[in-house]
Amino acid sequence: MKKTDRLLAIVLELQRKDVLRAEDLAAIFETSVRTIYRDIQALSESGVPIVGAPGIGYSLMEGYFLPPVSFNVEEAVALLIGTDFVEQKFDTEYGSKAQTSRRKIEAILPESIRREASRVRTTIRLFAGRKEVDHREKNYLEKLRFAILEKQKVRFGYSKRMPEADGNRQSVRVVAPYGLVLMHGSWVLIGQCELRQQLRHFRLSRMDELTVLEDRFEHPVDFNLQDYKQIDDRHVYVRIIAHPHIADKVKEAKNFYMETMEEHADGLHVLFRVRQPEELLQWILGWGADMVVLEPEILRKRVRAEVEKMLKCY
């Protein structure tokens, strides 16, 4: 950390805490106590009103606030929860910056607002959805951020969800990366695929052996990630009926492909829109006999064939 950045950070830490010892500050900024002594002297000479007591520590003179920024409780909570989200869902570098940002935000809050914001935050929790952190995915996220900013192509192995006509799901892709989107809890890369010669989407969780290449690309002038909308190519409709006693569970499942739901005496009628009927196969089988496919007939036959294969295993 540069000295100027550390000096500002020390002031923010002193605003956040009533009293801090030189040893505490040295631990926070991973430097020596002697360096902290010099930093405190530099701050005092520049006019920052720091009060020091031997054996106790340092504190800021009451009423000194830097910078002149104010938030109400709701704004403070929104910002602090935002740092929680970034720490959980972004890569290591941004996760670390989120922690630093959180400390800075807390430091500039008046004591009354900080105390109330802390109380409100105890009633709200951002849950990432899974206990284990996918370190590989976070590493890929960091690499892809770099490649996008530096306009360098990337190469990676990719596993498609649905196999090709020959049954193969694996391929190697070279992509000009344009942007990253957090979609339904999963990070997705949007970029120009050289294999398909199209703008395609790639889940980071399905990537393998990601490499940033030396080859550079020009970002298309007509592409804006904030305005971008994926071409909707889901033209196949699937209708199912779910037994009444699982209707509430099906509603909670909120499958991505769901279009409409209607309550009837015989159960919950659900309409899906997909690219291929097989995209719903595993999901439908997971509900067992409590869910029946009404159409298309090709999916009904596919479910029946899968059930027959399962019977042979038992």
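Reader: What relative accessibility does Leu195 have, and as what does it count?

Author: Accessibility is read in three classes: buried is under 20% relative accessible area, exposed is over 50%, and partly exposed lies in between, for a 1.4 Å probe and protein chains only. At 47% relative accessibility, Leu195 therefore counts as partly exposed. This is a predicted model, in which local features need pLDDT of at least 70, side-chain atom pairs count only at pLDDT 80 or more, and totals for chains, interfaces and linings use all residues. Residues are numbered from 1 along each chain as its sequence is written, and side-chain values use heavy atoms, with hydrogens and water left out.

Reader: Where is the place of Leu195, and which residues does Leu195 touch?

Author: Helices (H or I, at least four residues) and strands (E, at least two) are DSSP runs, numbered from the N terminus. Leu195 sits in the loop between strand 5 (186-193) and strand 6 (198-203). Contact means heavy atoms within 4.5 Å. When residues up to four places away in sequence are not counted, Leu195 touches Ser171, Val172 and Arg173. The C-alpha atoms of Leu195 and Val174 are separated by 7.1 Å, although these residues are 21 residues apart along the chain.

Reader: Which residue in the loop between strand 5 and strand 6 has a positive phi?

Author: Gln197 lies in that loop, between strand 5 and strand 6. Gln197 has a positive phi of about 55 degrees although it is not a glycine. Gln197 is exposed, with a relative accessible area of 57%.

Reader: What phi does Lys151 take just after helix 7?

Author: Just after helix 7, the phi of Lys151 is positive, at about 55 degrees. Lys151 is found in the loop between helix 7 (135-150) and strand 3 (152-159). With a relative accessible area of 35%, Lys151 is partly exposed.

Reader: What should the 16 residues of helix 7 span, and which of its residues are buried?

Author: The expected span of a helix is 1.5 Å times one less than its number of residues. For the 16 residues of helix 7 this gives 22 Å, and the end C-alpha atoms are 23 Å apart, which agrees. Buried in helix 7 are Glu137, Lys138, Tyr140, Leu141, Leu144, Arg145, Ala147 and Ile148. These buried residues pack against helix 4, helix 5, strand 3, strand 4 (170-183), strand 5 and strand 7 (207-216).

Reader: How many residues does helix 5 have, and what covers its buried residues?

Author: Helix 5 (residues 92-108) has 17 residues and reaches 25 Å from its first C-alpha to its last, close to the 24 Å expected. Its buried residues are Gly95, Ala98, Arg102, Ile105, Glu106, Ala107 and Ile108. Their cover includes helix 1, helix 4 (73-89) and helix 6 (111-121).

Reader: At what angle do helix 1 and helix 3 pack?

Author: Two packed helices are described by the angle between their axes and the distance between the axes. Axes are lines fitted to C-alpha atoms, for helices over the stretch in contact, and angles run from 0 to 180 degrees between N-to-C directions. Helix 1 (residues 3-16) and helix 3 (residues 33-45) pack at about 80 degrees, with their axes 10 Å apart. Angles under 35 degrees count as roughly parallel, over 145 as roughly antiparallel, 65 to 115 as roughly perpendicular and the rest as oblique. Helix 1 and helix 3 are therefore roughly perpendicular to each other. Helix 1 contributes Lys3, Arg6, Leu7, Ile10 and Val11 to the contact, and helix 3 contributes Thr35, Ile36, Asp39, Ile40 and Leu43.

Reader: Which residues have the most contacts inside the largest nonpolar core?

Author: In soluble globular proteins, nonpolar side chains tend to be buried together. A nonpolar core is a set of buried Ala, Val, Leu, Ile, Met, Phe, Trp, Tyr and Cys residues joined through side-chain atoms within 4.5 Å. The largest one here has 20 residues, and those with the most contacts inside it are Ile240, Val250, Phe272 and Ile284. Two or more residues each come from strand 8 (236-242), helix 8 (247-253), strand 10 (267-274), helix 9 (281-285), strand 11 (291-295) and helix 10 (297-313). Strand 10 gives the largest share of this core, 4 residues. Leaving aside neighbours within four places in sequence, the contacts of Phe272 include Val236, Tyr237, Val238, Ile240, Leu280 and Trp283.

Reader: Which peptide bond is cis, and what is its omega?

Author: A cis peptide bond joins Glu295 and Pro296, with omega about 5 degrees. Pro296 is placed in the loop between strand 11 and helix 10.
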